[in-house]
Amino acid sequence: MSGVLAIFIVVVIGFFASVFFVPQIKVKNFVIETFWIFPVIGVIALLSFSYLTFEEIWQNLTANTSVNPLKILTLFFSMTIISIYLDEAGFFRYLASRTASKSGGSQKKFFYVMYLVISVLTVFTSNDIIILTFTPFLCYFCKNARISAKPYLIMEFVAANTWSMFLIIGNPTNIYLATSYGLNFLEYSKVMALPTIVAGLSSLFIMRLLFSKQLKDAIVVSNNEAVIEDKFVLVASLITLIVCVISLVVSSFFKEVEMWYIAFSLASLLIVVVIIYKFANRVQPKKIFYTFSHLPWLLIPFVLAMFIMVLALQKYGITAGIASSLNTSYDVFTYGLTSFLLANVLNNIPMSVLFSSIATTKSAVLATIIASNIGALLSPVGALAGIMWSNIIKSNGVKMSMFQFVIYGAIVSIPTLILSLGTLYGILLI
């Protein structure tokens, strides 16, 4: 038991250190993220010291259960493919550009409308895609308009990591935790809609107070609007997304049809249609397979490695000990607050994998989901979205120290977390 716990602690420290000090490794023209390396080393250590066997790992990875990480990754990657095709068609850049041009030179109007656009898109796509797409745009826009980028970058990050908990598909942590308890698409949304709305509105109110002075000056609006780059891909992707969301809702009434299968089938169909279309239009092979090069492939070894680490913690009774200390009549708050803090020590995905084996009640699972999303706001280590966001703004010349991020994050996330957990507690009492 002590050996497993020691390996887990070393993995957590190594992960933390890699994110802070060596987030990327450059090999010639390739840039490799390092966040996954220590979890994989941890799995190798578990196998080397015989704490786990290959057979045990294989049995759990292939088990026909809702918490199977392969199914969860398939669902997440399928939704990501649809979102990347929308991005490739220029959909997100077009909306951002239109929002900027319609602001009329008012920072306040631009702030509110951009918040609305980002929030709505996050609900139906995912927070990671929004971060990757809108962050470079906001850096570029603010630089050319000669206004501070910080209010908009903080706003974008908060919106993307708050409204991502509205639907089960908004964040891989939602998928992992909800499916571990057996919640379907509709059951999840019926409970999580109101806490998400409360979290979204309260965080917006706090940000408005934080940045009121910085949003007073007028902005110079550029007339260079982005255009839709490929209407066929846009229409095909939008239709696929709409059909997918509707199908996931309908699947709630048919338990034999799993969410991962629906998303995978529709994403696969979209891939085939788009590839045929591009070949027919003699698009260069490199551009045809652009989507696959932009998928978060390193998430696979990261999630699988953390799943195996938690498997070892379960085997030796460590998770049971944690669960006994958190199971109270107020488990919405014990689980919510604890997982919020641990998300900023472990990162929200490993934390969710760990808590999927600890949270045994609906209230505990939903509280942990809230914390896995809002916990990303406290520090850049809280979520992979934070790591990506930090790297993007740094590469675009926007200076924001870790201390600044944590100050902003604490002011926004702590009251938002308490209000959303309180709303969840009230809903579950009814």
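Select helix 1 (2-21), helix 20 and helix 21 (402-429) in this predicted model. Each of these helices supplies at least two residues of the lining of the second largest pocket. Helix 20 gives the largest share of that lining, 6 residues. The volume of the second largest pocket is about 430 Å³. To centre the view, pick Val19, Phe20, Ser390, Asn391 and Lys394, which are the closest to the pocket centre of its 18 lining residues. Colouring the lining of the second largest pocket by residue class gives 13 nonpolar, 4 polar and 1 charged.

Keep helix 20 (384-395) selected, for this helix also supplies at least two residues of the lining of the largest pocket. Add strand 2 (30-33), helix 4, helix 7 (127-145) and helix 14 (290-293), each of which likewise supplies at least two residues of that lining. The largest pocket has a volume of about 1200 Å³. Its lining comprises 35 residues, and the closest to the centre are Glu33, Leu132, Ser293, His294 and Met388. How do the residues of this lining divide into nonpolar, polar and charged? The lining of the largest pocket holds 21 nonpolar, 9 polar and 5 charged residues.

Helix 4 leads to the next stop, the salt bridges. Side chains of opposite charge can pair when their charged atoms come close. The structure holds 5 such salt bridges.

Select Lys278 and Glu88, whose side chains meet in a salt bridge with an N to O distance of 2.1 Å. Lys278 lies in helix 12 (residues 259-280) and Glu88 in helix 4 (residues 69-88), so that the pair links distant parts of the chain, 190 residues apart. Are these two side chains buried or exposed? Lys278 is buried, because its relative accessible area is 4%. Glu88 is also buried, with a relative accessible area of 16%.

Now move to Asp87, which forms a salt bridge with Arg93; the closest N and O atoms are 3.1 Å apart. Asp87 is buried, at a relative accessible area of 17%, whereas Arg93 counts as partly exposed because its relative accessibility is 30%. Add Glu229 to the selection: salt bridges that share partners join Asp87, Arg93 and Glu229 into one network.

Next, select Lys315 and Glu56. Their side chains meet in a salt bridge, N to O, at 3.0 Å. This pair, too, links distant parts of the chain: Lys315 belongs to helix 15 (residues 299-315), Glu56 to helix 3 (residues 54-61), and the two are 259 residues apart. Lys315 counts as partly exposed because its relative accessibility is 41%. Glu56, at 24% relative accessibility, is partly exposed as well.

Finally, clear the selection and view the whole protein in a cartoon representation. The secondary structure comes to 21 helices and 2 strands. Along the principal axes, the C-alpha trace spans about 65 × 55 × 50 Å. How does the radius of gyration of the protein relate to that of a compact globule? For 430 residues, a compact globule would have a radius of gyration near 22 Å, and the 21 Å of the protein agrees with this.

Colour the view by accessibility, and 54% of the 430 residues appear as buried. If contacts with a separation of 6 or more are displayed, 80% of them come from residues 24 or more positions apart.

Note on methods: Residues are numbered from 1 along each chain as its sequence is written. This is a predicted model: local features need pLDDT of at least 70, side-chain atom pairs count only at pLDDT 80 or more; totals for chains, interfaces and linings use all residues. Side-chain values use heavy atoms; hydrogens and water are left out. A salt bridge is a side-chain nitrogen of Lys or Arg within 4 Å of a carboxyl oxygen of Asp or Glu. Helices (H or I, at least four residues) and strands (E, at least two) are DSSP runs, numbered from the N terminus. Buried means under 20% relative accessible area, exposed over 50%, partly exposed in between (1.4 Å probe, protein chains only). On a 1 Å grid over the protein atoms alone, a cavity is a set of points where a 1.4 Å probe fits but cannot get out, and a pocket is an open set with protein on both sides within 12 Å along at least five of seven lines; lining residues have an atom within 4 Å of a point. Grid points are joined across faces, edges and corners, and a volume is the space filled by probe spheres set on the points. Ala, Val, Leu, Ile, Met, Phe, Trp, Tyr, Cys and Pro count as nonpolar, Asp, Glu, Lys and Arg as charged, and the others, Gly among them, as polar. The radius of gyration is taken over C-alpha atoms; the globule rule is 2.2 Å times the number of residues to the power 0.38. Contact means heavy atoms within 4.5 Å.
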